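Trainee: Hi! Could you walk me through this structure?
Mentor: Happy to. Let's have it up on the screen.

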Amino acid sequence: MKSPVRVRFAPSPTGYLHIGGARTALFNWLFARHHGGKFILRIEDTDFSRSSPEMVEGILEGLRWLELRWDEGPFFQSQRLGRYREFAARLLESGAAYRCFCKPEERERHKNGYQETSNIRASMHECVSLSREQSDLRAATGEPYAVRFRVPPGKTSFCDRVFGEIKVENDTIEDFVLLRADGIPTYHLGVVVDDLDMEITHVIRGADHISNTPKQILLYQAAKQPLPEFAHLPLILGPDKKRLSKRHGATSVMAYAEMGYLPEAFFNYLALLGWSPDDNREILSREELIKLFSLEGVGKANAVFAIEKLDWFNSQYIRIAPPSYLRELVVSELRRKKIFNEKAEDSSDNSIDAALELLRNRARKISDFSTVFRAFFTDDFEYDTQAAQKYLNAPALRELIAALLEEYQKDTNFTLQSTEETLRRLAEAKGAKAGLIINALRVGLTGQGVAPGLFEVMQVLGRQRTLDRMRRLIDYLSLKIIYK
């Protein structure tokens, strides 16, 4: 193990922080924290036509939401252009690189020639054979040129910490561009110069970069610099085993935040996409993940992102969330949806804390509190259509609910026990099934056909709101009778 450990996350701000990028950042962060090292943030923003400050902020926001705090940075490649040109000039001086004066159409022809043969030497363009004097003379006249790396003969190999030994024949590698004619570095030049300058010891990134690694190793060797260790992470696929994309749903990390996922749950689930601890546990705290994480636990098989599994993780974290934290999240969600009743927060007849304790074991996402559990926080809710059709069609319901309302109005105690005893006693006296009344009243009080225990719901809503909603239900049933 090289010491001290220094790793980096280097996103391109041509999009927001997506799931694959977030997983890469998280693995780097866990590796750094496990070894007491440094986690460096670098923004690779040299694609000026597609990069934007908004995308940069979106990436930073996603990292902050996951609490992946960086130790150094963010560093911006756009502010280091002179350094890349200096490095390219050194490679030109040493003969490891050469100027390429080919025009765009010529470069395309050479590219097509390479695609038609496995041997790059068969399609090598003439610039590689220019003498130093010829190259200098053409450059001195102002003729535009790119800088290409001169790939040496032989083989390039490296030991990947995940995939093992990887070897590539150099004659399958083109003389790749380092510096474009406009002076902007390519990915290969920028990443190697940055990793050298930032003293990166371990390059941990997606498996789609394996093919880039031999080219970058050649650059390290040309600069006579030691290599970092490489570890390539398996790809993340959708349930259909295809590369994760928008067709599988949201891919931006902050979209999941807006949908009601807790950062702790997302962090935990993301950590298990391609990695697993020795004991195969699933619910792991941040501290446990730091202690357990190792590159040896990263598998070669591609990971599958399943929203149902994420929902399960989220539900587990909602269950164990501290009351004050859960309250903060839920109130923020209710305010965002403009349904939070400020007066209800202090009302003895409607305790938000009691509602959360009743509902937390049923919630999958924080957004559930503003949708399926909406009736616990506002009187502005509708009856679910299917629930109403199933439970509010019995002809005797109006009379039964009206009789129960009358009994509840007499019950000044309105306890868990008294409300249940009153309902069951009335059902027996009327020759009706208690379940008929319970199911109908559940819809009337919560708008839903499935909810926590009816009598627990009454206690959370309080006597007055329960009675008011019973009157509303009676009016609804009366209209059904009139318009039948």
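Mentor: One term before we start: a nonpolar core is a set of buried Ala, Val, Leu, Ile, Met, Phe, Trp, Tyr and Cys residues joined through side-chain atoms within 4.5 Å. And keep in mind that this is a predicted model.
Trainee: Okay, so which residues touch the most other members in the largest nonpolar core?
Mentor: Phe 377, Leu 423 and Leu 441, in a core of 108 residues. Helix α1 (residues 19-34) gives this core its largest share, nine residues. Apart from it there is another core of 24 residues, including Tyr 84 and Phe 149.
Trainee: What does Leu 423 touch, leaving out residues up to four places away in sequence?
Mentor: Its partners are Leu 404, Tyr 408, Ala 434, Ile 437, Ile 438, Leu 441, Leu 454 and Phe 455.
Trainee: How do α15 and α16 cross?
Mentor: The axes of α15 (residues 397-410) and α16 (residues 416-430) come within 10 Å and cross at roughly 135°, which means α15 is oblique to α16. The crossing is right-handed. Among the contact residues are Leu 404 and Tyr 408 of α15, and Leu 423 and Leu 426 of α16.
Trainee: What kinds of residues make up that contact of α15 with α16?
Mentor: Six are nonpolar, two polar and three charged.
Trainee: New topic: how many residues of α6 are buried?
Mentor: Eight of the 11 in α6 (residues 187-197), so this helix is largely enclosed by the rest of the structure. Asp 194 and Asp 195 are among the buried ones.
Trainee: What covers them?
Mentor: The cover over the buried residues of α6 includes β1 (6-9), β2 (38-43) and α7 (213-222). Just after α6, Glu 199 has a positive phi of about 55°.

Definitions and conventions. Residues numbered from 1 in each chain as written. Predicted model: local features only at pLDDT ≥ 70, side-chain atom pairs only at ≥ 80, totals over all residues. Heavy atoms only, no water. Buried < 20%, exposed > 50% of the residue type's maximum accessible area, 1.4 Å probe, protein only. Helix = DSSP H or I, 4+ residues; strand = E, 2+ residues; numbered from the N terminus. Contact = heavy atoms within 4.5 Å. Axes fitted to C-alpha atoms, helices over the stretch in contact; angles between N-to-C directions. Parallel < 35°, antiparallel > 145°, perpendicular 65-115°, else oblique. Left-handed = near helix turned anticlockwise from the far one by under 90°. Nonpolar A, V, L, I, M, F, W, Y, C, P; charged D, E, K, R; others polar.
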